[in-house]
Amino acid sequence: MSKEGAEGAAKPRLTAAEEQLLRHRKNLDFWKKNAARIRTRNLLTGLSIGAFVVGILMNASEGNFGFPVSYTILSVKQERIVEELDEEARIHIIRGPRTGANS
């Protein structure tokens, strides 16, 4: 009786390839069950983000600055331009004036 219990309790060890195959099958089953639901959710998320961006861009292009986000976008663009100019000025100050000796 002890032999039967010992033999029944010992499962054969799966090889690495068999374990990988089982994981692959589980993953495939998950995607078969949930692909349509995930695809629908991704589609809704993408459409929502796209509608938000289009709304911001249309609002900014009309010159309607009552919407705070469009104002923020335009002010960020202006800040980038100012930062680029500041960076160029800093480079010219570090290099010093251009003369025949250092050009």
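Glu79 is found in helix H3, and at 47% relative accessibility this residue counts as partly exposed. Glu79 belongs to a patch of negative charge on the surface, where it gathers with Glu83, Glu84, Asp86 and Glu88. The model is a predicted one. Its chain contains three helices and zero strands, and of its 103 residues 5% count as buried.

**Charged groups**

- The surface patch of negative charge is made up of Glu79, Glu83, Glu84, Asp86 and Glu88.
- Glu79 has a relative accessibility of 47% and is therefore classed as partly exposed, the range between buried (under 20%) and exposed (over 50%).
- Side chains of opposite charge can pair when their charged atoms come close.
- One salt bridge is found in a search of the whole structure.
- This salt bridge joins Arg90 to Glu87, with 2.7 Å between the closest N and O atoms.
- The separation of 2.7 Å satisfies the cut-off for a salt bridge, because that cut-off requires the nitrogen of Arg to be within 4 Å of a carboxyl oxygen of Glu.
- Both partners, Arg90 and Glu87, lie in helix H3, which spans residues 68-95.
- Arg90 and Glu87 are three residues apart, about one turn of the helix.
- Arg90 counts as partly exposed at 43% relative accessibility, and Glu87 likewise counts as partly exposed at 36%.

**Aromatic contact**

- A search of the whole structure finds one aromatic pair.
- The pair consists of Phe30 and Trp31, whose ring centres are 5.5 Å apart and whose planes stand at 80 degrees, so the arrangement is edge-to-face.
- The angle of 80 degrees leads to this class because planes over 60 degrees apart count as edge-to-face.
- Phe30 is partly exposed, with a relative accessibility of 40%.
- Trp31 is also partly exposed, its relative accessible area being 42%.

**Nonpolar surface**

- Ile49, Phe52, Val53 and Leu57 form a nonpolar patch on the surface.
- Together these four residues, Ile49, Phe52, Val53 and Leu57, have about 390 Å² of accessible area.
- Val53, one of the patch residues, has its place in helix H2, which covers residues 16-61.
- The relative accessible area of Val53 is 39%, so this residue is partly exposed.

**Overall architecture and surface**

- Read along the sequence, the chain follows the pattern α-α-α.
- The accessible surface of the chain comes to about 9600 Å².
- Carbon and sulfur atoms account for 61% of that accessible surface.
- Buried residues make up 5% of the 103 residues in the chain.

Note on methods:
Residues numbered from 1 in each chain as written. Predicted model: local features only at pLDDT ≥ 70, side-chain atom pairs only at ≥ 80, totals over all residues. Heavy atoms only, no water. Salt bridge = Lys/Arg side-chain N within 4 Å of Asp/Glu carboxyl O. Helix = DSSP H or I, 4+ residues; strand = E, 2+ residues; numbered from the N terminus. Buried < 20%, exposed > 50% of the residue type's maximum accessible area, 1.4 Å probe, protein only. Patch = residues over 30% accessible without salt bridge, like charges linked within 9 Å, V, L, I, M, F, W, Y side chains within 5 Å. Areas by Shrake-Rupley, 256 points an atom, 1.4 Å probe, with all protein chains shown as cover. Lys, Arg positive; Asp, Glu negative; His and termini not counted. Charge placed at Lys NZ, Arg CZ, Asp CG, Glu CD. Phe/Tyr/Trp six-rings, centres within 6.5 Å; stacked < 30°, edge-to-face > 60°.
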